[in-house]
Amino acid sequence: MKKDFTPTLLDLGPLQIYLARHFGFCYGVENAIEIAFRTVDENPGKRIFLLSEMIHNPQVNADLQSHGVQFMQDNYGKQLISFDELTADDIVIIPAFGTTLELEKKLNDLGIQTEKYNTTCPFVEKVWNRSEQIAKKNYTIIIHGKPKHEETRATFSHASANAPSVVVKDMQQTIELSKYITGEKSSEQFSEEFKGQYSENFDPAKDLERIGVVNQTTMLASDTQAIADYLKQVMIEKYKLTTANVDERFADTRDTLCYATLENQQAVSGMLESDADLAIVVGGYNSSNTSHLVELCEEKLPTYFISSEEKIISVKEILNYNFHTKKEILTSDYLPNKKPVKVLITSGASCPDALVEGVIKKLAAFSSNIINSEDLIKRFE
Ligand code: SF4
């Protein structure tokens, strides 16, 4: 739990790398990968399936597939392998994002034990526990998350087993939801506007009288805070509350982002105070936490979101992912013509550190008079 978020400077001479103080693999991802590979080792000859991608990193997923693990669903819940093909002898691993109660039941009904091969991150379970606690106090659960993301679907399933629940994907949807609290919008509009994002029999006229907000663990901390603050204010105004009695209508659920999301984002904010020329963010293109790091960097610098060093085509060109348009694009002249070039580098919670190292090495190879790694290491000794 670091307090100092200034980046580490790797001064290679003509190239200066500012490396985020906290980046890359988090506890939950390491734990999930370890369980998955251990499962492969301990079960030769057995069929091993993963409910969906282990984590949002193509290299890690490809590695698992090369060890014979098969993915049952894609990231959006589309079935790739039918449940009918499973037998009680098969092993099904639940990924770090967790899964829905419905899918868990389906597997258990087939005789497949899910307990032993469950890699759900404890920080995701913490969100489920928090929703259960507030549900017991009769609050409706508002989940700030990406409606189609595995983790949000899992959290929604767990939350809605205990209380009326609704997902909001961003501030815009939060503002629209608040209009059902204030009565500006009628209940009839709700079913269409929040289609697929609310629990069965959700009644906006009565189910939004007492609310609490939990999050997908990898959202942008500032968005999460703004959304909770906004809804709290709406409740204060609607019910003429004060900060002293606001908990009659609004549950305090502040800490449902995970530590890795927070630290990676804080480290990026610390890094952005340096005088860098550009930022490179490494991670899977469908990774939520990585895209938020990109979002933060973009506010200040030209930012390139890449999945590996292979995307750095040359000193002139880089293939990078525009997560707004969801397209990979080719950008020319991404490195400024100056010396030294100062580059911020970070990576998402599902990105192996080796990929970051690969990116640094690739950039270093473009310059002459680069300080070699042995000399650089000596400086840190
Ligand atoms: S990003 Fe956070 S919640 Fe997700 S797996 Fe890592 S530690 Fe767990």
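Colleague: Where does the ligand sit in this structure?

Modeller: This is a predicted model, and in it the ligand sits in the largest cavity.

Colleague: Which residues surround the ligand?

Modeller: The ligand is surrounded by Cys26, Gly28, Val29, Cys121, Phe123, Val124, Thr217, Thr218, Cys258, Tyr259 and Ala349. When these residues of the shell are sorted by character, eight are nonpolar and three are polar, while none is charged.

Colleague: Which helices each supply at least two residues of that shell?

Modeller: Helix H1, covering residues 27-42, and helix H4, covering residues 122-136, each supply at least two of the residues around the ligand.

Colleague: I would also like to learn how to read a sheet; in what order do the five strands of the open sheet come?

Modeller: As a general idea, the strands of a sheet pair through backbone hydrogen bonds, and this pairing may be either parallel or antiparallel. Here five strands make an open sheet in the order E1-E2-E14-E10-E11, with mixed pairing. At its edges are strand E1 (8-11) and strand E11 (303-306), each of which pairs on one side only, and the twist from one strand to the next averages 25°.

Colleague: How many bridges join strand E2 to strand E14, and do the two run parallel or antiparallel?

Modeller: Strand E2 (residues 15-19) and strand E14 (residues 341-347) run parallel and are joined by five bridges. If you look along this pair, you will find Tyr18 standing opposite Leu344 in E14.

Colleague: Which helix lies across E2 and E14?

Modeller: That is helix H10, made of residues 259-271, which lies across both strands and runs at about 170° to E14.

Note on methods: Residues numbered from 1 in each chain as written. Predicted model: local features only at pLDDT ≥ 70, side-chain atom pairs only at ≥ 80, totals over all residues. Heavy atoms only, no water. Near = heavy atom within 4 Å. 1 Å grid on protein atoms, 1.4 Å probe; cavity = no way out; pocket = protein on both sides within 12 Å on 5 of 7 lines; lining within 4 Å. Sits in = over half its atoms within 2 Å of the grid points. Helix = DSSP H or I, 4+ residues; strand = E, 2+ residues; numbered from the N terminus. Nonpolar A, V, L, I, M, F, W, Y, C, P; charged D, E, K, R; others polar. Pairing = 2+ DSSP bridges. Axes fitted to C-alpha atoms, helices over the stretch in contact; angles between N-to-C directions. Contact = heavy atoms within 4.5 Å.
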